[in-house]
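I opened a fresh page for this model. My plan is to take the whole protein and then its sheets.

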Amino acid sequence: MAQPDGKKIFFENLSGAGKAIAVLTSGGDAQGMNAAVRAVVRMGLYVGAKVYFIHEGYQGMVDGGENIKEATWESVSSMLQVGGTVIGSARCKEFRSHEGRLKAAHNLVQHGITNLCVIGGDGSLTGANLFREEWSGLLGELAEQGLIDADAVQKYSALHIVGMVGSIDNDFCGTDMTIGTDSALHRIIEVVDAIMTTAQSHQRTFVLEVMGRHCGYLALVSALACGADWVLIPEMPPEDGWEDKMCEKLSATRSRGTRLNIIIVAEGAIDRHGKPITSGIVKDLVVKCLGFDTRVTILGHVQRGGTPSAFDRILASRMGVEAVLALLETTANTPACVVSLCGNQSVRLPLMECVQMTQEVQRAMDGKRFEEAVKLRGRSFENNLKTYKLLAHRKPESELPVSNFNVAVLNVGAPAAGMNAAVRSAVRVGISEGHKMFAVSDGFEGFYKGQIKEIKWADVGGWTGQGGSLLGTKRTLPAKHIDKIAEQMRMHNINALLIVGGFEAFESLLQLYEARSAYEELCIPMCMLPATISNNVPGTDLSIGADTALNAIVETCDRIKQSASGTKRRVFIIETMGGYCGYLASVGGLAAGADAAYIYEEPFDIRDLQANVEHLTEKMKTSIQRGLVLRNENCNENYTTDFIYQLYSEEGRGVFDSRKNVLGHMQQGGAPSPFDRNFGTKISAKAMQWISKKLLETFRHGRVFANTEESCCLLGMRRRALVFQPVVQLKDETDFVHRIPKEQWWLKLRPLMKILAKYKTTFDVSDSGQLEHVVRNRPKESDASVAI
């Protein structure tokens, strides 16, 4: 563990001494903005800079006075879990005028501020860039008017700007995900899940209107996450005659025994002629054509409110720290940049390149060039749309290709939220590709017992929102029963295998690969999708289920911390799951604002524990009222949760008292988060397309024969890309004793947690983003978009 007297992070040229950084939020608010503000303030203070709040956005910058206040460490305490923006946001007409920007420049110079961190949408960031371009001229005018002297003009000659995109619409080109989008999806999916139960009771059709005046991202992804029957978005208006097609689809769904229909409409939805399609129009259409009992729910500003999700807190914290690094490294010639997310990596992009591409999308839509608009939105958006069409609209039997291949899908290991979404996606994509799909119950235990049956399109309806594993899952490995498994494969003529699971699934695939020499039945394409809350599978940065578990941890930590509000000072010791993998404790700690997180990967001793207690004691005496310490269940066999609780209780006596809580299996339960539903859906669709390709490649002389390393793969997220990796090549990357990868990307996030908790620690800046350029269409394999 890092100790309070550890090393400084930066080289001399990255010191923030003598610099002043101001942070403001502008335009519409978004959940997670506070996490970004907190990260900017604490990172700025950490590197020795002065940090200022600008309250009420650009209006506060123009008005000056009390709106520009110096920030302290304590002033951003307890804001991580708060939605909206506590420093206020306002749209400012005055800043659009030259006179307004002149006032703003004067106010900044009075405080010595030449570094601006702007959190907002494309309008706010465009305004910031114009301000930067005019800066030297504005200072000249202020000097002419006698408001500042020549020394000030020289000293504050350049204004540096870094942007972070805060917008629930995810309408900014250049980033896979904007701050607030994931939280807005949480609000939408909570409502959809609740509506589904009442809709089912009364056999109703519900039309849900979600935000997105110019961008259909929320509508599209929520439709993908809940398996909606129809979705209407501004980027891709439906073809003429859509009314009849939609009603036919709804009627066909009901005829298969489904008791409800869900239609999702973006507020900016239009038809091919630019005429608005409102939720009311859709409702009247369904009632008139089908006579279905139909209701409309308009979500409105509910989507902007509430607590930020774990994803948004982590994203905002990472971006906030990256923004400070970018400001420290900037020069007079560096263009204004925006901190973005590409796959699982922070990148810096020229602000105006992103803005121009965002404006191009609108021009394409205005010009009715809808295909172009979808492409300009980026690969993530395009892939979401393709996947939705593939899964929601079943082709008639006559139009399906006939492959004569049988593909089996099974779950292996512990249950993880999102497994069912992955299975649903696999089944439907497989059927669309012409395969016959088989479901195996209870993992490999069910496999060798012959619990294998064909699974149809309608059988997986409504699976996306279900937690756990509807197929059933067991930890049983195949090695002991390989002969019976081979026999079942022969009996059912299984030509390919898709395994959804955790570390046991990885071990199982290795065992099947190694048994190929003895059993020809195993010489078939095999693919594994990582699904485990522990996120401990080699070959992938993220696993299906981990996001849901993180949200459960963060939500519980919020409640536990709140339980101590208004009471005396208190420290909570929380035990998380994860086996020997510290992902949940570390990333959960970053999202919940923990003071320390004890994990197996980072050995610690009694001196580290003592240093943490002393550090917390010091903070408790001066500022904070509550402390949070997370402990991974297997971090140390001797320093147990009870031991740490007793140590903190004894050493903190007189300053704070302690409480402990073991979260247990609540981390494994619950409905999957929007991220896990979509991540599972999309990687499963990609895996099935890979299986189809491999089946065609390996079909010779009337049979499938695949015995190469490349035909037995794990599909994982690696930084910016989704990659198929032969499992045999991942063996060297794996610690089989502790069931973890030897190298884990998230360990680089641990210093962030420590810095934000006021520890001095080493920090690896080698992985920080470099200024890149916006790419119109990334290479195909970069379709990662961790950004659901």
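What share of the 788 residues in the protein is buried? I get 62%. I keep in mind that this is a predicted model.

**Entry 1: the whole protein**

I looked up the secondary structure next. The protein has 23 helices and 27 strands. Its radius of gyration is 27 Å, and the globule rule gives 28 Å for 788 residues, so I note the protein as being as compact as a globular protein of that length. I also took the box along the principal axes. The C-alpha atoms fill roughly 90 × 70 × 50 Å.

I then checked the contacts between residues at least 6 apart in sequence. Of these, 80% join residues at least 24 apart. For the accessible surface I have about 29,100 Å². Carbon and sulfur atoms account for 48% of that surface.

**Entry 2: a sheet of 7 strands**

In what order do the 7 strands of this open sheet run? I read β3-β2-β1-β4-β5-β10-β11, and the pairing is mixed. The edges are β3 (68-70) and β11 (345-350), each paired on one side only. From one strand to the next, the twist averages 25°.

I picked out one pair inside the sheet. β5 (residues 160-165) and β10 (residues 337-342) run parallel and share 3 bridges. Gly163 sits opposite Val338 of β10.

Which strands does helix α1 touch? I list β1 (20-25), β2 (50-54), β4 (115-120) and β5 for this helix, which spans residues 33-46 and packs on the sheet. The direction of α1 makes about 175° with that of β1. Helix α11 (residues 351-366) also packs on the sheet, touching β10 and β11. I find about 85° between the directions of α11 and β11.

**Entry 3: a sheet of 4 strands**

I moved on to an open sheet with parallel pairing, ordered β19-β20-β18-β21. Its edge strands are β19 (596-598) and β21 (657-662), and each has a partner on one side only. Ignoring direction, neighbouring strands are turned by 20° against each other on average.

How many bridges join β18 and β20? I count 7 between β18 (residues 570-576) and β20 (residues 626-632), in the parallel sense. Glu575 faces Arg631 of β20 across this pair.

Two helices close the entry. Helix α18 (residues 546-562) lies across β18, β20 and β21, at about 145° to β20. Helix α19 (residues 583-592) packs on the sheet and touches β18, β19 and β20. For α19 I note a direction at about 165° to that of β20.

Notes
Residues are numbered from 1 along each chain as its sequence is written. This is a predicted model: local features need pLDDT of at least 70, side-chain atom pairs count only at pLDDT 80 or more; totals for chains, interfaces and linings use all residues. Side-chain values use heavy atoms; hydrogens and water are left out. Two strands pair if DSSP finds at least two bridges between them. Axes are lines fitted to C-alpha atoms, for helices over the stretch in contact, and angles run from 0 to 180 degrees between N-to-C directions. Contact means heavy atoms within 4.5 Å. The radius of gyration is taken over C-alpha atoms; the globule rule is 2.2 Å times the number of residues to the power 0.38. Buried means under 20% relative accessible area, exposed over 50%, partly exposed in between (1.4 Å probe, protein chains only). Accessible areas come from the Shrake-Rupley method with a 1.4 Å probe; for residues, only the protein chains shown count as cover.
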